[in-house]
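Visitor: I would like to go through this model with you, beginning with how far it can be trusted and then turning to its cysteines, strands and aromatic rings.

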Amino acid sequence: MKVRVTVTAIVVMVVTGSGLAADWPQWQGPDRDGKSADTGLLKQWPREGPPLAWKIDKLGGGDGGPAIAAGRVFVMSNRGQEEVVWALSEKDGSEIWASPLGPAFQQRASQGKEGPGCTPTVDGERLYVEGLGGNVACLQVKDGKIIWQISMTEEFGGRVPMWSYRESPLIDGDKVIVTPGGADAILVALNKLTGETIWKAKLPDSPAGESGAPGGSGRGRRGFGGFGGGGGAAYASVIAIDFEGQRQYVQLTASTLIGVAASDGKFLWRYDKPANRMGINCTTPIFHDGMVFASSAYGAGAGLVKLSKDADGTVKAEEVYATTDMQNHHGGMILLDGCLYGASGGNEGGALVCLDFKAGKVMWDQRATAGRRAKGSLALADGLLYCRMEDGTMCLVEPNPKEYVEHGRFEQPERSRLPAWAHPVIANGKLYIRDQDVLFCYDVKAK
């Protein structure tokens with residue numbers, strides 16, 4: 001095991017947490033569902049948008065959003081020829097430390113080559129990141145000192161997808177969960193203190209026409225967006241779920257949606273339909289009430305499966321419905337009060353859509369109505385949706401199952417020419433939006 005440890009002693013960390021109730025310590029917030037715990041926020045934005053609290057430029061390239069924890073803002077970027085993790089002051093954006101991880105990965109594909117897409121994961125006194133080339137690292141929160149690093153390509157035979165590794169590591173108990181996408185290691189669990197391997201999960205081959213769940217076999221569905229035998233890594237991030245007394249890790253890979261046992265990585269179930277044949281699967285799955293929903297663009301659409309557990313412990317995933325009415329590219333989806341909100345559409349563009357989660361019925365679709373529409377990413381805070389369109393426009397939207405209702409919008413200043421892919425983040429009364437080299441912090445607290 002080629003684990004590089006840069007400290008001589010490993011101490012037991014304090015309870016995971018950040019100290020403030022409305023922190024955003026990882027990808028998609030505290031529970032990986034896109035929802036902020038923040039309250040007391042503006043219900044209507046002024047015409048010019050909320051006031052700017054601070055901004056920082058010269059951050060470096062990348063599409064990864066910030067993590068907010070214990071008074072600090074953590075971001076990844078390419079700065080010059082190095083891949084770097086930053087820590088900034090939550091108060092004013094001033095730099096606290098910047099820690100280089102190694103040479104910047106040289107991606108061939110033009111889209112997203114500017115830098116990492118990972119949101120750092122903060123766990124007490126440590127934080128975890130994943131670089132474009134598959135470098136997974138653990139750093140000290142206080143000073144950025146690297147505790148350990150591993151390469152998913154060298155250790156687990158992972159093959160870098162066309163648009164590189166872009167997931168954000170999951171911390172669950174004493175484990176770090178990442179997706180090498182190797183033939184014998186589709187997912188792996190690492191010891192979060194040392195980086196040593198706890199288990200490797202393999203996606204078994206299926207006979208033609210069978211997959212262990214509805215949707216057909218994933219055989220041959222490698223596409224050019226994801227590589228490697230046994231499914232390959234795509235661009236989504238893992239979630240942890242509890243079902244019938246068993247903890248699982250659920251991930252959307254290059255060829256299928258899978259569930260594995262948290263205890264030992266044993267393969268449990270798969271469902272192929274939400275994975276497009278291009279292998280460009282980016283959106284984090286959603287778990288609710290014993291059901292899992294996943295979606296992708298490029299014609300695949302989405303599907304909902306209901307999990308069940310037999311007496312012998314076998315877990316099955318039975319399709320409830322499949323639909324092409326939600327083709328979420330990489331903007332994420334929000335589930336609230338039985339309704340699913342998200343942008344539907346791929347490279348051709350798209351619009352916000354509201355679906356009945358359990359039935360798949362379209363409640364409304366901006367493409368079918370007059371007015372503004374655009375594809376983008378979502379977060380939820382204090383009962384309202386924060387929508388960031390790919391052109392940089394920020395919108396405040398009411399999650400109304402009957403119609404699209406907007407409560408304000410503003411145009412981000414100093415826009416780069418690149419798509420605004422970094423998701424919005426809301427924490428402790430502030431809205432954070434990143435545009436490559438620049439990070440804006442807006443005050444959205446109600447006065």
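Guide: Before we start, pLDDT is the predictor's confidence in each residue, from 0 to 100, and the model shown here is a predicted one.

Visitor: What is the mean pLDDT of the protein chain?
Guide: Confidence varies along the chain, since over residues 1-19 the pLDDT is below 50, and residues 207-222 likewise stay under 50. Even so, 89% of the residues reach 70 or more, and the mean pLDDT of the protein chain is 91.

Visitor: How many disulfides does a search of the whole structure find?
Guide: A disulfide is counted when two cysteine sulfur atoms lie within 2.5 Å. The cysteine sulfur closest to that of Cys 339 belongs to Cys 354 and is 4.2 Å away, too far for a bond, while for Cys 395 the closest is in Cys 387, at 6.2 Å, which is also too far. Across the whole structure, the number of disulfides found is 0.

Visitor: Is Cys 395 buried or exposed?
Guide: A residue counts as buried under 20% relative accessible area and as exposed over 50%. The relative accessibility of Cys 395 is 0%, so Cys 395 is buried.

Visitor: Which strands are at the edges of the open sheet of 4 strands?
Guide: This sheet has antiparallel pairing and the order S2-S33-S32-S31. Within it, strand S32 (residues 430-435) and strand S33 (residues 438-443) are joined by 6 bridges, with Asp 435 opposite Val 438. The strands that pair on one side only are S2 (52-56) and S31 (425-427).

Visitor: Why is the pair of Trp 54 and Tyr 432 edge-to-face, rather than stacked or tilted?
Guide: Ring planes under 30 degrees apart count as stacked and those over 60 as edge-to-face. The ring centres of Trp 54 and Tyr 432 are 6.0 Å apart, and the pair is edge-to-face because the angle between the planes is 65°.

Visitor: How many residues apart are Trp 54 and Tyr 432?
Guide: Trp 54 lies in strand S2 and Tyr 432 in strand S32, so that we should look at where each sits: Trp 54 is buried at 7% relative accessibility, as is Tyr 432 at 0%. The pair links distant parts of the chain, the separation being 378 residues.

Visitor: What kind of pair do Phe 410 and Tyr 442 form?
Guide: Phe 410 is buried with a relative accessible area of 6%, and Tyr 442 is buried with 4%. Their ring centres are 4.9 Å apart and their planes stand at 55°, so the pair is tilted.

How values were computed:
Residues are numbered from 1 along each chain as its sequence is written. This is a predicted model: local features need pLDDT of at least 70, side-chain atom pairs count only at pLDDT 80 or more; totals for chains, interfaces and linings use all residues. Side-chain values use heavy atoms; hydrogens and water are left out. Contact means heavy atoms within 4.5 Å. Buried means under 20% relative accessible area, exposed over 50%, partly exposed in between (1.4 Å probe, protein chains only). Two strands pair if DSSP finds at least two bridges between them. Helices (H or I, at least four residues) and strands (E, at least two) are DSSP runs, numbered from the N terminus. Rings of Phe, Tyr and Trp (its six-membered ring) pair if their centres lie within 6.5 Å; planes under 30 degrees apart count as stacked, over 60 as edge-to-face and the rest as tilted.
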